[in-house]
Amino acid sequence: MKENNPSLFGALLLSLFVRSLLQVQAAFWTRSGLLTLLPGILFQAAVGCLFARCWRVGSCLPLKVLFVWVLAISAAQDVLNLWGLYTEAYPDAVSLFGICLTVAVPVLYLRRASALAQTANVVLGLLLAACALLWISLADRLAVTNLQTDVADAASMGRALAAHCTIYPELLLPALWPDSDKRGHNAVLRLAVFSGLFQTGMHLLLELFFGAAMPRAWNPVHRMARCGSLSIFDRLEWLQLIVWTMAVAVKLALCLYAGTRLLGGKGVNENNMNGLPAFTGIAAGFELFCLLLEQSDFTAAAEWLVPLGVWALVTLTAVTGGIRCLAKRLFFGRRAH
Amino acid sequence: MPEKKLSSSLEKNISYLNCIFAASSDFYTKQVTLSGVPCAIALFTGISSPEKLWIMALDALQKLDIPSPNGDALLNYLLTESAVPADSSAIADWKDLIEKLANGMSVLMLDGCDRALAVSTQEMPQRAVGQPNGEGDIRGSQEAFTELLRNNVSLLRRQFRTETFVAEIHTADTRTGTEYALCYDSEFAPAELVAALRRKLQAVRIPVLLDTAYFASFLKQDKLNLLPAAAYTERTATAAARICEGKVVILVSGSPTAMVVPSFFSEHFVSLDDYASGAVFAGMIRILKYLAFLLSVFGPALYVMAVEFAPETIPIKLLARLAQAEAATPLPLVLEVLCITLLLEIVREAGLRAPKSIGHTVSLVGALILGETAVSAGIVSTPVLTMAAAATVATLAVPSLYEQSILFRFILILLAGTFGLPGVACGAVVLLSMACGTEPFGYNYLYPLVPPGRASWRDGVVRAIWSILGRKGYAVGDHERK
């Protein structure tokens, strides 16, 4: 009834699910995905834990700025992907400005960790319900015979492993929360497990639906939703789009929250309400950022820009943390002698 | 208000009182001699009764025989030994004296004594305890709060025959010095909650306090949040039930509405009748109320979204009819929905504010004639009118969230009309985040609906049978006591 220490795990999980739904999919077959699931989870968890450990000792202003940059790019990528889906489903009906505004406005009410955590949990529940509805709606079109039998070759396995081993910014976020010492590692592991399972589950759905013709694109789930039918509704993409928009709004709020934490330092109280003017300013700035990115071919660039940023961040944090840790040991070692 | 002490000279005290209240024709003062001591009584006629004072006190006092009488000795005797229904402590300063007078007490001032005595002779004009106007319930107590604070406290006290019921009375920092009461069960209400509430209310500074709702905005964490931080009730039984849940009931002098803190979202969908009727029926009614709230908030917006942006969501036969109806009207759909919703609100407001004798006529003319003629003239389509009317009627199923329903409905219609699908999604997240961010005094506003658990089914979305409810009820401070 009273939550003194809200957990943002649901928000992180939702962000990872959104990433699975909005990014390029159908990179691997389900069988390959299942075979590489465990190594992928272990790899993601190991990197996440290493980052969390090194961040505690190695975080500095340039790294924080880099982290904020990665988060901003990643959030912008999601917004642009969402806009892409909208323009495909309802051409000329929605502008990028409209999409930015509709995902930025709710952020004003998600300035507190508890509000963000609770909202994320509800939206996560809605997202899972919408996914279940999609499965039910497509039930008669799913065929087990569509599952590919001779696909576990090296190339497919490599693609699946690469997909499972991708490090997303959300996997690094638990390092920022104040109680990361207590549950950070565990949270990273759980995130990796759920994310891997969700991704594999979505690929199973795609394979059952499309079979060998499974497209490698960023919107196959959306394309399936168009074919789905329930007794009342002919198509379901409107429902998917509504839930995805809600999820992107929550993800943006999470990124802004993490950004304010990063720039405000560790002293920021977990459940403090961030200042409205600052938050509004950041949200407006983000909107401008998206509008600027629209002018360039950012969606394609973000495909490599985000992983590059994440790996740069992980590497630099590991190096900085390692050096500081080494220096500390040497210094204390000498003093002890 | 003067803070200074009373004088020991009766003349000075009387002249000071006359100076303050000379312009007030209801101020009454009379000099008498009791046991040879010159005294004066002061009171306000209309809220205090001179007859009562005479019967209860003066008659008995005149027969007193006190050795070596002087002001101090007489006052001490009256305070400690006499059976006169006087206050247990003497009045020492003017502020206290004026407060006592304003509360309807009679004040006895004695010559040679710098203290005075208050005697309970209140006789306030008051409305009889009646039935609640805004909370329709078929079963259970039909008693409603009145405007008199003491009466309201006594109505609650009558429900609690335990030593744990507490009614703290405080004076608000207003120009009128209005009193308010914090009523709670000391066993169930978390001490931290009571202390925080006491502190917040004592810090409130407003010119007038005419209703409990004036406190509401001071208790909100996020001023941008449109959802109510507190619930209101006119029913004494509902207030008593909330106190049993560990909540605090705030009563304000002059207001027949009690405020309940902390309040949860699910409380707006609960009524006393739920507990008096069968569990299955009560559960069904609750689900209907939730659906009615969703219809009232999202109905018109979803209609606009579906017709304007996502026609694939509508079955083809219905879509053909809607398209036919819309083709005959000149206004854009969003404007049409906004206009008709506004018109319905104007009709409702006019019906509410108009004198009762013509209130019904206003509603009838507005609802039937305006609606019918608007459709006949081809200004609005029948489906739009049907949707707007359904949303308005659905709003009345959850009257305590009326303001919020109307506001959210307008916002969502605008968002859906401007942005389509993302607009509806934006509205849904805003509404959800407001609900999640309300957090009255740190408590989860969506409890027991979110996170879903046993409590949701015990007394949340539906209610369990009494044998289960009775086995494990809930109180807001449960987890703090563990």
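**Chain B and its contact with chain A**

Colleague: Hi! How far apart are the C-alpha centres of domain 1 and domain 2 of chain B?

Modeller: Those centres lie 33 Å apart. This is a predicted model, where local features need pLDDT of at least 70 and side-chain atom pairs count only at pLDDT 80 or more, while totals for chains, interfaces and linings use all residues. Residues are numbered from 1 along each chain as its sequence is written, with chains lettered from A and ligands numbered from 1 in the order in which they are written.

Colleague: Thanks! Which domains is chain B divided into?

Modeller: Domain 1 covers 10-119, domain 2 covers 149-263 and domain 3 covers 278-442. The bounds come from an automatic or database domain assignment.

Colleague: And what does the C-alpha trace span along its principal axes?

Modeller: For chain B, about 100 × 55 × 35 Å. Its radius of gyration is 29 Å, whereas a compact globule of 482 residues would be near 23 Å. That radius is taken over C-alpha atoms, and the globule rule is 2.2 Å times the number of residues to the power 0.38.

Colleague: Switching topic: how many residues does each chain bring to the contact?

Modeller: Chain B brings 34 residues and chain A brings 33; two residues are in contact if their C-beta atoms, placed from the backbone, lie within 7 Å.

Colleague: Which helix of chain B gives the largest share?

Modeller: H15(B), with 14 residues of the side that touches chain A. Helices are DSSP runs of H or I, at least four residues long, numbered from the N terminus.

Terms used:
Helices (H or I, at least four residues) and strands (E, at least two) are DSSP runs, numbered from the N terminus.
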